[in-house]
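Got the viewer open? Keep the selection box handy, and we'll walk through the chain one stop at a time.

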Amino acid sequence: MPEIISSLSRLRWRRRFRSFAALLLLVGLAIAAWTWRPAPAATVPLVHVIDGDSLTVRRDDAAITIRLTGLDAVEYRQDCPRADGSRWACGRDARAALEKLAGPGPLHCDLAARDVYRRTLATCRTLPFPDGIDLGAEMVRQGWAVATDDAYPVEEAEAQAKRRGIWQEDFVRPADWRATHERAASALSAPHPDD
């Protein structure tokens with residue numbers, strides 16, 4: 001009979017230990033979820049739109065430049081071809097599209113690191129997540145920008161299929177346009193051997 005009591009006692013202690021271990025695991029997961037949750041988006045007043053993927057906002061009484069992540073919009077000075085052979089100011093239209101999407105503000109931005117030009121990288125919405133418009137997704141969907149990572153491939157495919165914005169004809173990708181125009185500008189400013 002004492003063996004049966006000690007077996008039951010050990011079984012009870014094992015159950016208590018398992019329950020206690022499960023409780024500790026749940027508490028640990030809750031603490032991890034609490035500390036690793038994303039920071040809330042910053043609500044920032046819009047100052048002005050620079051081009052199709054950059055804008056200036058006010059935060060802590062200072063103006064900061066934001067570069068939207070996940071896309072590369074045509075440059076403000078860039079033009080694009082039409083089917084009839086003429087050119088149109090697609091860069092100016094991209095800026096106008098972002099101005100229209102952003103409206104008067106404020107914007108709700110998930111601010112990240114800074115890039116090499118000291119711009120703050122961010123995703124911005126017109127209302128707090130999940131509401132409002134994701135500015136980057138909509139710029140790609142409307143055909144004013146190309147997706148640069150895995151963030152907006154569906155939106156880019158839709159714009160390309162429906163021949164929206166820059167997808168009307170073949171165009172020079174913004175990164176390629178910048179590379180050729182930066183080289184040309186630096187060649188003009190370089191000293192000549194005769195000087």
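Helices here are DSSP runs of H or I with at least four residues, numbered from the N terminus. Keep in mind that you're looking at a predicted model.

**Stop 1: helix H2**

Select residues 90-102, which make up helix H2. How far apart are its end C-alpha atoms? They sit 18 Å apart, and that agrees with the 18 Å expected for 13 residues at 1.5 Å a residue. Now color Cys90, Gly91, Ala94, Ala97, Leu98, Leu101 and Ala102: these are buried. They cover an arc of only 125° around the axis, which puts them on the same side of H2. Step just past the helix to Gly103, where phi turns positive, at about 60°.

**Stop 2: the disulfides**

Show the cysteine side chains next. How many disulfides are there? The count is two, and with bonded cysteines counted along the chain they follow the pattern 1-2, 3-4.

Start with the one that begins H2's story: Cys80 and Cys90 are joined, S to S 2.1 Å. Cys80 is in strand E6 (residues 80-81) and Cys90 in helix H2, ten residues apart. The torsion about their S-S bond is about 70°, so this disulfide is right-handed. Are the two ends buried or exposed? Cys80 is buried, with a relative accessible area of 1%, and Cys90 is buried at 0%.

Then select Cys109 and Cys124, the other bonded pair, also listed at S to S 2.1 Å. Cys109 belongs to strand E8 (residues 107-114) and Cys124 to strand E9 (residues 120-125), so the link ties together parts that are 15 residues apart in sequence. With 110° about the S-S bond, this link is right-handed. Cys109 is buried at 1% relative accessible area, and Cys124 is buried at 1%.

**Stop 3: Asp134 and Trp144**

Move on to Asp134, in the loop between E9 and helix H3 (135-141). Which side chain of opposite charge is nearest to Asp134? That's Arg125, 4.1 Å away; Asp134 is buried yet has no salt bridge. The cut-off for a salt bridge is within 4 Å, nitrogen to carboxyl oxygen. What the Asp134 side chain does reach is the backbone nitrogen of Gly136, at 3.0 Å.

On the other end of H3, pick Trp144, in the loop between H3 and strand E10 (145-147). Trp144 is buried, with a relative accessible area of 13%. Add Glu75 to the selection: its C-alpha is 9.9 Å from that of Trp144, though the two are 69 residues apart along the chain.

**Stop 4: salt bridges**

Side chains of opposite charge can pair when their charged atoms come close. The count here is twelve salt bridges. Select Asp72 with Arg67 to see one of them, at 3.5 Å, N to O; both residues are buried. Asp72 also pairs with Arg178, where the closest N and O atoms are 2.9 Å apart. Arg178 lies in helix H5 (residues 174-189) and Asp72 in strand E5 (residues 71-73), so this pair ties together parts 106 residues apart in sequence. Arg178 is partly exposed at 25%, whereas Asp72 is buried at 7%.

For another one, try Glu158 and Arg141, at 3.8 Å between the closest N and O atoms. Glu158 is in helix H4 (residues 153-161) and Arg141 in helix H3, 17 residues apart. Glu158 is partly exposed at 26%, and Arg141 is partly exposed at 25%.

Finish by selecting Asp53, Arg67, Asp72, Glu75 and Arg178 together: salt bridges that share partners join them into one network.

Notes
Residues are numbered from 1 along each chain as its sequence is written. This is a predicted model: local features need pLDDT of at least 70, side-chain atom pairs count only at pLDDT 80 or more; totals for chains, interfaces and linings use all residues. Side-chain values use heavy atoms; hydrogens and water are left out. Helices (H or I, at least four residues) and strands (E, at least two) are DSSP runs, numbered from the N terminus. The expected span of a helix is 1.5 Å times one less than its number of residues. Buried means under 20% relative accessible area, exposed over 50%, partly exposed in between (1.4 Å probe, protein chains only). The arc is that of the directions from the helix axis to the C-beta atoms. A disulfide is a pair of cysteine sulfur atoms within 2.5 Å. Lys and Arg count as positive and Asp and Glu as negative; His and the chain ends are not counted. A polar contact is a pair of N or O atoms within 3.5 Å; within protein, one must be able to donate a hydrogen and the other to accept it, and residues adjacent in sequence count only if both atoms are side-chain atoms.
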